[in-house]
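Here are my notes on the chain, set out as numbered points in the order in which I would raise them with a colleague.

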Amino acid sequence: MVLALLGLALMTGCAAAADTTADHVEADVTFSKDMIGHHQETIYLAKVGAERGGDSYVRDLSKKLLGAEQADIDMMASWLQSWQVAVPVTSADAMKAGAELAAGDDFDRKWLTTLSEHLKHGVHMAEQVKGAGRHGPTLELADRLIKEQNVQLAEIAKRLA
């Protein structure tokens, strides 16, 4: 009887320990899938900024975003593949990001406003996974995105003021 209880206690303890050391949870998977789509939108928005931007800040930020966002996508895609989860393909909506912004005098302001709203959504997504995720690299990415995008948001706010 004592051995049976001891065995049950050990099994329960091992199960609890397994839960707390999980490599990843569904929140990590959802974040990577959703953030890949979000980053794909950023890339298309940045392409528009690089092509139509009149201000050097808009063009430079666009170019910076292009490389950084693709690197993050590649990293998150590798995580999804290691978890045997399908990597999302670029949606038609992502490919339209920024397409409605006409070149001209108002472009830079409209682009910065659109990018600002987009980045705010990305910060929100990163904050959500920090509360529910367990995958260390995902949480590190979320921290970095929050910091970087908040800096970008502050810079954009100054330019729009």
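**Notes on the predicted model**

1. Glutamine 84 lies in the loop between α3 and α4, the latter spanning 92-95. The model is a predicted one, and in it the phi angle of glutamine 84 is near 60°, a positive value in a residue other than glycine. Anyone checking the backbone at this position may want to note the surroundings as well, since the residue counts as exposed because its relative accessibility is 77%, where exposed begins over 50%.

2. Tryptophan 83 is also found in the loop between α3 and α4. Is tryptophan 83 buried or exposed? With a relative accessible area of 11%, tryptophan 83 is buried. Not counting residues up to four places away in sequence, tryptophan 83 touches Asp23, His24, Asp28, Val29, Ser32, His135 and Thr138. One of these partners, histidine 24, is 59 residues apart from tryptophan 83 along the chain, yet the C-alpha atoms of the two are separated by 8.5 Å.

3. On confidence, the chain has a mean pLDDT of 87, with 86% of its residues reaching 70 or more. Which helix has the lowest confidence in the chain, and which the highest? Confidence is lowest in helix α1, residues 2-20, at a mean of 40, and highest in helix α6, residues 136-160, at 97. Over residues 1-21 pLDDT stays under 50, and the model has two contacts beyond four places in sequence for that stretch. Where pLDDT is low, the predicted coordinates should not be read in detail.

4. As to the overall architecture, the secondary structure of the chain comes to six helices and zero strands, so that from the N terminus on the elements run α-α-α-α-α-α. Of the 161 residues in the chain, 36% are buried. Among contacts with a separation of 6 or more, residues 24 or more positions apart account for 82%.

5. The largest nonpolar core has 36 residues, and those with the most contacts inside it are Phe31, Leu61, Met76, Trp111, Leu112, Leu115 and Ile156. Helices α2 (26-52), α3, α5 and α6 each supply at least two residues of this core. Methionine 76 can be followed further: leaving aside its neighbours within four places in sequence, this residue is in contact with Phe31, Ser32, Met35, Ile36, His39 and Leu141.

6. The pairing of α3 (residues 56-82) with α5 (residues 107-132) deserves a separate point, as the axes of these helices come within 10 Å and cross at roughly 35°. The crossing in which α3 passes α5 is left-handed. Tyr57, Val58, Leu61, Ser62 and Leu65 make the contact from the α3 side, while Phe107, Asp108, Trp111, Leu112 and Leu115 make it from α5. By character, the residues of this contact divide into eight nonpolar, one polar and one charged.

7. Histidine 118 has its place in helix α5. At 11% relative accessibility, histidine 118 counts as buried, because the value is under 20%. What does histidine 118 touch, not counting residues up to four places away in sequence? The residues touched by histidine 118 are His38, Glu41 and Thr42.

8. Glycine 54 sits in the loop between α2 and α3 and is exposed, with a relative accessible area of 57%. Apart from its neighbours within four places in sequence, glycine 54 is in contact with Arg59 and Asp108. The C-alpha atoms of glycine 54 and aspartate 106 are separated by 9.4 Å, although the two residues are 52 residues apart along the chain.

9. Two further positions in helix α3 may be taken together, namely alanine 71 and aspartate 60. Alanine 71 is partly exposed, with a relative accessible area of 44%, and aspartate 60 is partly exposed too, with a relative accessible area of 49%. The C-alpha atoms of alanine 71 and histidine 39, 32 residues apart along the chain, are separated by 9.9 Å. For aspartate 60 and alanine 46, which are 14 residues apart along the chain, the C-alpha atoms are separated by 9.6 Å.

Technical notes. Residues numbered from 1 in each chain as written. Predicted model: local features only at pLDDT ≥ 70, side-chain atom pairs only at ≥ 80, totals over all residues. Heavy atoms only, no water. Axes fitted to C-alpha atoms, helices over the stretch in contact; angles between N-to-C directions. Helix = DSSP H or I, 4+ residues; strand = E, 2+ residues; numbered from the N terminus. Left-handed = near helix turned anticlockwise from the far one by under 90°. Contact = heavy atoms within 4.5 Å. Nonpolar A, V, L, I, M, F, W, Y, C, P; charged D, E, K, R; others polar. Buried < 20%, exposed > 50% of the residue type's maximum accessible area, 1.4 Å probe, protein only. pLDDT = per-residue confidence, 0-100. Core = buried A, V, L, I, M, F, W, Y, C linked by side-chain atoms within 4.5 Å.
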